[in-house]
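Trainee: Could you take me through one helix of this model up close, and tell me what surrounds it?

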Amino acid sequence: MLAAIIFVVFPFCMVFAAISDMMSMTIANRVSIILVATFVAVAPLTGMDWSLYFWHLLAGLLVLVVTFGLFAAGGMGGGDAKLITATAVWVGFNINLLQYFVYATLFGGALAVAILLYRKSPLSVYTGHLLPLRNLADADTGIPYGMALAAGAMIVFPSTPLAQWAMTQF
């Protein structure tokens with residue numbers, strides 16, 4: 001049962017955050033709350049060592065401090081900051097966190113270039129009225145980085161301690 005929770009909650013929240021950000025340019029608070037609450041409740045039940053549990057929570061706290069500063073300076077959206085923080089709690093304070101940042105950055109850069117090219121193309125005139133593409137075509141909106149954050153998280157997810165534990169259960 002715990003393995004199913006791990007394999008469902010994290011991926012579902014990431015996909016929901018990506019789609020939500022693309023459609024509305026927002027990532028609901030409930031996504032980050034569900035991610036953190038699920039980790040806090042499930043991790044001890046998997047037998048995770050308390051010191052490792054602490055390091056996961058500390059990773060989230062440190063990432064929250066940095067992303068809150070970036071949000072306050074106008075360099076990042078609030079939903080993105082919360083999603084990165086919640087993801088950091090799942091990933092933990094280890095090399096996987098650095099990998100997550102690298103993947104999210106690479107995907108974010110590629111996403112930004114692709115959207116900027118799309119916005120300058122004639123294709124955006126013809127497809128920009130479609131609901132999934134409306135925000136992508138609008139030059140007055142930002143870039144839905146939640147898509148890149150979710151993609152990076154999904155690549156790193158199999159390496160996380162909870163996913164590793166869940167894989168041993170099958």
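Mentor: Sure, let's take helix 4, residues 78-91. Its 14 residues reach 20 Å from first C-alpha to last, close to the 20 Å expected at 1.5 Å a residue (that is, 1.5 Å times one less than the number of residues). Helices here are DSSP runs of H or I, at least four residues, numbered from the N terminus. Keep in mind that this is a predicted model: local features need pLDDT of at least 70, side-chain atom pairs count only at pLDDT 80 or more, and totals for chains, interfaces and linings use all residues. Residues are numbered from 1 along each chain as its sequence is written, and side-chain values use heavy atoms, with hydrogens and water left out.

Helix 4 is largely enclosed by the rest of the structure, because 12 of its 14 residues are buried (under 20% relative accessible area, 1.4 Å probe, protein chains only). Among them are G79, D80, I84 and W90. The buried residues pack against helix 1 (2-24), helix 2 (29-42), helix 3, helix 5, helix 8 and helix 9 (161-168), where contact means heavy atoms within 4.5 Å. Just after helix 4, G92 takes a positive phi of about 95 degrees.

Helix 4 also helps line the largest pocket, as do helix 3 (50-72), helix 5 (95-120) and helix 8 (146-156), each with at least two residues. Helix 3 gives the most, with 5. Of the 22 lining residues, L70, M76, D80, I84 and L149 lie nearest the pocket's centre.

Note on methods. 1 Å grid on protein atoms, 1.4 Å probe; cavity = no way out; pocket = protein on both sides within 12 Å on 5 of 7 lines; lining within 4 Å. Buried < 20%, exposed > 50% of the residue type's maximum accessible area, 1.4 Å probe, protein only.
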